[in-house]
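Subject: Structure handover and notes

Dear colleague,

I am passing on the structure below, together with notes on what was found in it. Please read the notes with the model open beside them.

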Amino acid sequence: MAGKPKLYYFDGRGKMESIRWLLAAAGVEFEEEFLESREQYENLLQGGSLLFQQVPMVEIDGMKMVQTRAILSYIAAKYSLYGKDLKERALIDMYVGGTDDLMGFILMFPFLSTEDKEKQHAVIVEKATSRYFPVYEKVLKDHGQDFLVGNSFSWADVHLLEAILMVEEKKSDVLSGFPQLQAFKARISSIPTIKKFLQPGSQRKPVPDDKYVETVRRVLRMYYDIKAN
C-alpha cells in the first residue's frame, strides 16, 4: 500500500494551501514537512527534488511532484474530482483558472508594505465583486444545480469555496449581493470531508502572520518588498 502523500512547504498557506484543501476534500490523509531553515531548502535543491528550484513539492505515488497546477490536476484526477469527460474537465479548468486569478491578488498580500496592503485590500474586494463572483453566481443560477460542473462535486467547487473564505477574511459581508454563492458556500461547507477540514485542529492553515512572512523571506532569501497588483 502506498504511504500518505507528503507535503514540503512552509507552515502556512501560500501555494500549498489549495493542495491541502483538495487532499482534504478527497478524504486523503497527508503528512507535512515544514521548511524552517535555508539549509532544509538547499538540501532539497541539492538532492534534485525541486525540479524548477521551487516549492511546493509533494511526494505522492512514488513521484516528487512540483508545479502547483500539475499537483492539483493529478490529485483531482486520481480522486474523481475532475469531471466525467473532456468537456467537464475543460469547464473545471476554466473555473479553477478564474479562481486562481482571484487568489493571486490575495496570495502575496502578507508580503506587501502597509501602504500597499491598504490599496490591495480595495483591489481584492473590487475584483471579487465585479469580475469573479458574478461569473459563478450566474453559472449556479443558470443551471440550477448544486455544483459548478455536471452536478457533481469537483475540484472547481473546492477551489471556489477556498477563495470565498479568503475574500471573506478581507470583507466579511462580501457575499451579501450573491445569494447563489451564499447557498453554495453553505452546501459545500457541509460536505463531511470539507466540514472536517474547516474544524479547529485540522491541517488548514490560518491567515499568514508576521512569523510566516519572516520564515519565507529568510528561507528563500527574499530581500525585497512585493509590489501590489
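Which residues of helix α3 (residues 68–78) are buried? They are Thr68, Ile71, Leu72, Ser73, Ile75 and Ala76, and, before going further, please keep in mind that this is a predicted model. The buried residues of α3 pack against two helices and two strands, namely α1, α6, β3 (57–60) and β4 (63–66). Just after α3 comes serine 80, which has a positive phi, near 60°.

Domains

The protein chain is divided into domain 1, which takes in 6–79 + 198–220, and domain 2, which covers 86–191. The centres of domain 1 and domain 2, taken over C-alpha atoms, are separated by 22 Å, and the contact between them involves 21 residues of domain 1 and 19 residues of domain 2. In the UniProt record, which is an unreviewed entry, the feature "domain: GST C-terminal" is placed at residues 85–209. Over residues 85–209 the chain is 66% helix and 0% strand, with 41 Å between the end C-alpha atoms of that stretch.

The largest pocket

The largest pocket has a volume of about 1100 Å³, and its lining is made up of 43 residues, of which Tyr9, Gly14, Lys15, Leu107 and Met108 lie nearest its centre. The elements that contribute two or more residues to this lining are α1, α3, α4 (86–107), α6 and α9 (210–220). Sorted by class, the lining of the largest pocket holds 25 nonpolar, seven polar and 11 charged residues. Where does the largest pocket lie with respect to domain 1 and domain 2? Because domain 1 and domain 2 both give residues to its lining, the largest pocket lies between them.

The largest cavity

How many cavities of 30 Å³ or more are there? The count comes to one, and the volume of the largest cavity is about 50 Å³. Its lining consists of Arg13, Glu17, Trp21, Glu162, Leu165, Met166, Glu169 and Arg204, which divide into three nonpolar, no polar and five charged residues. Helices α1 (17–25) and α6 (155–168) each supply at least two residues of that lining, and α6 gives the most, with three residues. As for the domains, at least three residues of the lining of the largest cavity come from each of domain 1 and domain 2.

Glutamate 168

Glutamate 168 lies in helix α6, and the question that follows is whether this residue, glutamate 168, counts as buried or exposed. With a relative accessibility of 16%, glutamate 168 counts as buried, because the cut-off for that class is under 20%. Leaving aside residues up to four places away in sequence, glutamate 168 touches Val174, Leu175 and Lys185. Asparagine 151 is 17 residues from glutamate 168 along the chain, and the C-alpha atoms of these two residues are separated by 25 Å.

To draw the notes together, helix α6 appears among the elements that the buried residues of α3 pack against, among those that give two or more residues to the lining of the largest pocket, and as the element that gives the most to the lining of the largest cavity.

With kind regards

Note on methods. Residues numbered from 1 in each chain as written. Predicted model: local features only at pLDDT ≥ 70, side-chain atom pairs only at ≥ 80, totals over all residues. Heavy atoms only, no water. 1 Å grid on protein atoms, 1.4 Å probe; cavity = no way out; pocket = protein on both sides within 12 Å on 5 of 7 lines; lining within 4 Å. Points joined across faces, edges and corners; volume = space filled by probe spheres on them. Helix = DSSP H or I, 4+ residues; strand = E, 2+ residues; numbered from the N terminus. Nonpolar A, V, L, I, M, F, W, Y, C, P; charged D, E, K, R; others polar. Domains from an automatic or database assignment. Buried < 20%, exposed > 50% of the residue type's maximum accessible area, 1.4 Å probe, protein only. Contact = heavy atoms within 4.5 Å. UniProt positions renumbered as here; feature names shortened; annotations may be inferred.
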